[in-house]
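Visitor: I've got a structure open and I'd like to learn how to read its empty spaces and its chain contact. Can you walk me through it?

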Amino acid sequence: MIDLEPPLLQVEGLSKLYGRNVACKNVTFKLWAGEVLCIVGESGSGKTTLLNCISAIQPQSSGRVLYQTRHAGTADVTAMSDAQKRLLMRTDWGIVHQNPRDGLRMGVSAGANVGERLMAVGARHYGHIRAEATGWLNRVEIDIDRIDDLPGTFSGGMQQRLQIARNLVTKPRLVFMDEPTGGLDVSVQARLLDLLRALVQDLQLAAIIVTHDLAVARLLAHRLLVMRRGEIVESGLTDQVLDDPQHPYTQLLVSSILQT
Amino acid sequence: MTMMRVKDLSKSFTLHEQGGVVLPVLDNINLDVMAGECVVLLGPSGSGKSTLLRSMYANYKPQTGRIEVRHEGAWVDILSAAPRMVLNVRKRTLGYVSQFLRVIPRVPSLEVVAEPLRNIGIEAAAARARAAAMLERLRIPQRLWSLAPATFSGGEQQRVNIARGFISQSPIMLLDEPTSSLDAQNRAAVITLIDEAKARGTAIVGIFHDEDVRRRVGTRQFDVALARPT
């Protein structure tokens, strides 16, 4: 019954080769609006390459990425012009990099980092932009007193929250995140995870999140894809994959988690 | 009215980490659960009670058989349904109270309990009011409501978990030892909750360690050991 609804994103037979090395092999899956999908696997399994190919950061070797656009029906992202891809990336998509420095403009203030994305989609009224930026800093728990400071003066956790605000200000429907909590202290991670969890729920965001941390996946994801050597070896409901893993590799991953 | 049907269910575990040993646990289980009854799963430890209960929530993945749930007027086999459908069934029809609370960092107890209501579209203030009433019934002191349950005692965490499980009044509920670490007074509060759910027509399947609880809430017993592969 709910499956009559068309998927937001369809990845079909996506492969990526580096010379003779296979980074991703024949990856196929669908994602629906409001769904959070985590791609898990060890480093070198091809997770980040897959994310980069789907989000049009890197060209794929073969396969298609079909996206349900807001106004122009389903489009193959990999066949879009660079201008079309850029428009998609600054309106309907958000891309949160593992290192906030890759996703922020370090030379402009925190407020400008958020406001800039609004201006890119046509906002012109300074007061509105400032108000929107203030609202978002608030939402990601950054003190308003810091609005005119450069991101370089922020801690790692704050930079990551700022990057999230910058991405979400244009109300995207799909967000890509690569290890969003990587490199942060555990207490800072918990705060960020809680924030992400609330945001995806409130905004009904669809998200594809790459992580090697199964605890992060359990907390955020509706569904998991387990990758090994560029291939999806297991997929399904998050709690089912983690509590009753079927594939030998998934069993190895799950049994390797330290119990506290 | 039948609310849930377990049909020809078999489940074994293959332990790839241990040389591919296969452990058969459930073999050809058939069980119907009606509205307003509480089916108590029986059997010695290791007989597969928890495996059956977790399979009925699609938390475990049986190899063969069906688990059909009456969901918004239609039957859904949660073993073959798409993950999105299973999540929808869990949100609106099928509740599960596990033995332990899986704590979400930083989220206050009141929000933990209110969340299932928020997920079905009930507005925040109303959800919080119902969560508060539920926490009160389960005798969680008000000073703890604004705190994340991570630092609570085992019994307090279990009661927060029960509050979260019972708050949305799911038509079907699966209970995995919900009273295991509770004292007599709190156990009585939980028994009352279960009795009220039955009176509303909730179909319940549960594992109860305590003989007295079993006798008081159970309307029927299902011996998993008798259906066990030999």
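Guide: Let's start with a term we'll need: helices and strands here are DSSP runs, numbered from the N terminus, with at least four residues for a helix and at least two for a strand. Keep in mind that this is a predicted model.

Visitor: Okay. How do people find the holes in the first place?

Guide: Rolling a probe the size of a water molecule over the atoms shows where empty space is left. In this model, the count comes to one cavity of 30 Å³ or more, and about 40 Å³ of space lies in the largest cavity.

Visitor: Which residues line the largest cavity?

Guide: From chain A you have A:Glu234, A:Ser235, A:Gly236, A:Gln240, A:Val241, A:Asp244 and A:Gln246, and B:Lys61 joins them from chain B.

Visitor: And which elements each supply at least two residues of that lining?

Guide: Look at strand E10 (231-237) and helix H9 (238-243), both of chain A. E10(A) gives the most, with three residues.

Visitor: What about the mix by class in the lining of the largest cavity?

Guide: There are four polar residues, three charged and one nonpolar.

Visitor: Now the open spaces. What volume does the second largest pocket have?

Guide: A pocket is an open set of points, whereas a cavity is one the probe cannot get out of. The second largest pocket has a volume of about 330 Å³. Helices of chain A that give two or more residues to its lining are H2 (82-91), H3 (100-103), H4 (110-120) and H6 (156-168).

Visitor: Where should I click to get to its centre?

Guide: Of the 14 lining residues, A:Met89, A:Gly103, A:Arg117, A:Arg166 and A:Asn167 lie nearest the centre of the second largest pocket. By class, that lining has six charged, five nonpolar and three polar residues.

Visitor: Let's move to the contact between the chains. How many residues does each chain put in?

Guide: Chain A brings 27 residues and chain B brings 28. About 2500 Å² is buried between the two chains, and carbon and sulfur atoms give 50% of that area.

Visitor: How many salt bridges are there between chain B and chain A?

Guide: The count is six. One to pull up is B:Arg106 with A:Glu141, whose side chains meet at 3.4 Å, N to O.

Visitor: Last one: what confidence values come with this?

Guide: For the complex, the predictor gives an ipTM of 0.93 and a pTM of 0.93. Chain B has a mean pLDDT of 94, with 98% of its residues at 70 or more.

Methods: Residues are numbered from 1 along each chain as its sequence is written. Chains are lettered from A and ligands numbered from 1 in the order in which they are written. This is a predicted model: local features need pLDDT of at least 70, side-chain atom pairs count only at pLDDT 80 or more; totals for chains, interfaces and linings use all residues. Side-chain values use heavy atoms; hydrogens and water are left out. On a 1 Å grid over the protein atoms alone, a cavity is a set of points where a 1.4 Å probe fits but cannot get out, and a pocket is an open set with protein on both sides within 12 Å along at least five of seven lines; lining residues have an atom within 4 Å of a point. Grid points are joined across faces, edges and corners, and a volume is the space filled by probe spheres set on the points. Ala, Val, Leu, Ile, Met, Phe, Trp, Tyr, Cys and Pro count as nonpolar, Asp, Glu, Lys and Arg as charged, and the others, Gly among them, as polar. pLDDT is the predictor's confidence in each residue, from 0 to 100. Contact means heavy atoms within 4.5 Å. Buried area is the accessible area (1.4 Å probe) that two parts lose on being put together, summed over both. A salt bridge is a side-chain nitrogen of Lys or Arg within 4 Å of a carboxyl oxygen of Asp or Glu.
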